[in-house]
Amino acid sequence: MFNRLRNFTRYIGSSIIAVEREMSSSVRYFVNPKPDYETSFGEPDIPEREIKDTINDILVKIQSYVKPVEKNAGDGLYLGTAGIAYMFYHLSKVPSFLKNQTEFLNKAVAYIKPAIVVASHLANDRKDIPSFILGNCGIYAVASVIYRSAGDQAQSDHFRQLYYEAAHICKEPKFLNCGSDELFVGRAGYILGALWLAKETKTPIQKRDLYELCRVIIRSGRDYAARHHSPCPLMYAYYQVEYLGAAHGLCSILQALLSVPGFLDSHPDDAADIKTCIDYLLSLQNKEGNFPTATDEIGSKSDLVHWCHGAGGLAYLMAKAYIVFRDERYLESCKQMGELIWEKGLLKKGPGLCHGVAGNGYVFLLLYRLTKKDPKHIHRAIRFYQFMESEQFQNGARIPDTPYSLYEGLAGTACYLADLTCPLEASFPFSDVFN
């Protein structure tokens with residue numbers, strides 16, 4: 001099973017890039033037909049009723065086409081029923097859906113159960129367990145949070161404990177041959193998942209384990225950077241590719257390191273190297289606002305305006321860096337990414353989070369919070385929602401391979417739309433930079 005998981009995550013990294021390289025930029029995204037914000041517009045009105053109706057339509061489709069059964073539960077949070085369970089949990093917390101809270105939590109329990117069964121089958125391969133996006137730990141974390149909210153504290157404690165036990169596997173320097181530090185199956189994902197789990201269950205973070213994992217990540221990055229003569233002090237490879245974006249790259253690894261409370265203050269030398277790496281990434285941002293997908297593309301045109309490999313994901317690192325260091329350059333970088341996403345972020349690949357319109361729309365919700373409610377950004381977030389409802393998008397966008405999943409499909413879109421109704425609490429799944 002682990003070989004299949006590794007092959008899948010390798011596909012969603014390198015294959016997406018390979019396919020996109022063959023496409024012209026005019027094919028990749030819809031030209032944005034929506035009027036941009038003008039100061040005369042004032043504070044935008046969020047169309048909550050219409051958004052709720054759209055979400056309800058999405059929920060009908062998901063429940064019709066994806067039943068909570070084991071055959072639909074593979075590939076973790078990314079594609080499986082665990083991601084749909086997360087969606088129902090996410091919706092249960094949104095103020096506009098409070099009257100549906102019990103119903104949504106019951107559905108979350110139903111959809112997490114087959115994922116738990118799949119996770120029990122994978123537990124024999126230790127290397128599958130720490131994976132947050134694609135493997136067991138993401139399922140454990142979401143299960144723990146859902147059961148706590150549903151009133152089953154014993155089950156919540158059980159899955160939280162399973163999550164924390166996996167830290168011992170992550171501490172092995174090379175527990176994965178393909179690269180042990182990235183987001184989907186590596187240590188960065190484990191750390192961000194642990195922080196989310198502690199926040200949602202209102203339990204203390206496992207500070208000792210997380211600090212140790214941060215140190216392992218930094219040693220790994222220094223080691224690799226020295227061997228490969230990297231221009232920055234920390235560098236990582238996933239399947240021999242030095243990715244820079246959120247899905248498998250330096251960006252989310254640095255974000256994880258920045259996010260562990262107190263780590264930078266207690267390790268000033270590590271903090272200095274982390275900031276140097278952020279500044280290195282910042283130096284790669286082009287005039288449009290985008291970044292190379294990997295170091296082998298530095299100097300070439302960067303066309304992937306996605307969460308997984310582009311500005312849609314780099315924004316979270318720069319936002320976190322701005323919050324931590326209060327360096328205005330990082331805020332300006334985020335704003336520049338917002339301008340690029342407004343122009344080229346209406347992706348033809350579908351409505352999802354990983355490489356779709358909702359994933360890019362989340363950057364506007366991030367900027368709305370980061371700029372202390374600049375109305376331009378909520379205006380843009382609303383327009384991205386409205387475009388997804390348009391005939392042009394409905395007829396012209398591609399249907400994802402897994403059209404109802406959290407990261408590729410409508411489950412992630414539902415999370416985005418729900419967050420649009422309460423933008424000051426909005427955050428991309430498992431990536432709230434304000435905590």
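## C354: a buried loop residue

C354 is buried in this predicted model. Its relative accessible area is 1%. Because buried means under 20% relative accessible area, C354 qualifies at 1%. The residue sits in a loop, between α16 (328-344) and α17 (357-370).

Which residues does C354 touch, leaving aside those up to four places away in sequence? The contacts are Y78, H306, W307, C308 and Y407. H306, W307 and C308 are thus among the contacts of C354.

## The annotated binding site

An unreviewed UniProt entry gives the feature "binding site" at C308, C354 and H355. These positions are spread over 48 residues of sequence. In space they cluster, and the largest C-alpha distance is 6.3 Å. Contact links two of the annotated positions, as C354 touches C308.

Is H355 buried or exposed? H355 counts as buried, at 10% relative accessibility. Like C354, H355 lies in the loop between α16 and α17.

## R369 in helix α17

Helix α17 spans 357-370. R369 lies in this helix. The R369 residue is buried, with a relative accessible area of 17%. The cut-off for buried is under 20%, so R369 falls within that class at 17%.

What does R369 touch, not counting residues up to four places away in sequence? P423, L424, E425, A426 and S427 are among its contacts. D432 and F434 are also touched by R369.

Notes: Residues are numbered from 1 along each chain as its sequence is written. This is a predicted model: local features need pLDDT of at least 70, side-chain atom pairs count only at pLDDT 80 or more; totals for chains, interfaces and linings use all residues. Side-chain values use heavy atoms; hydrogens and water are left out. UniProt positions are given in the numbering used here, feature names are shortened, and annotations may be inferred rather than shown by experiment. Helices (H or I, at least four residues) and strands (E, at least two) are DSSP runs, numbered from the N terminus. Buried means under 20% relative accessible area, exposed over 50%, partly exposed in between (1.4 Å probe, protein chains only). Contact means heavy atoms within 4.5 Å.
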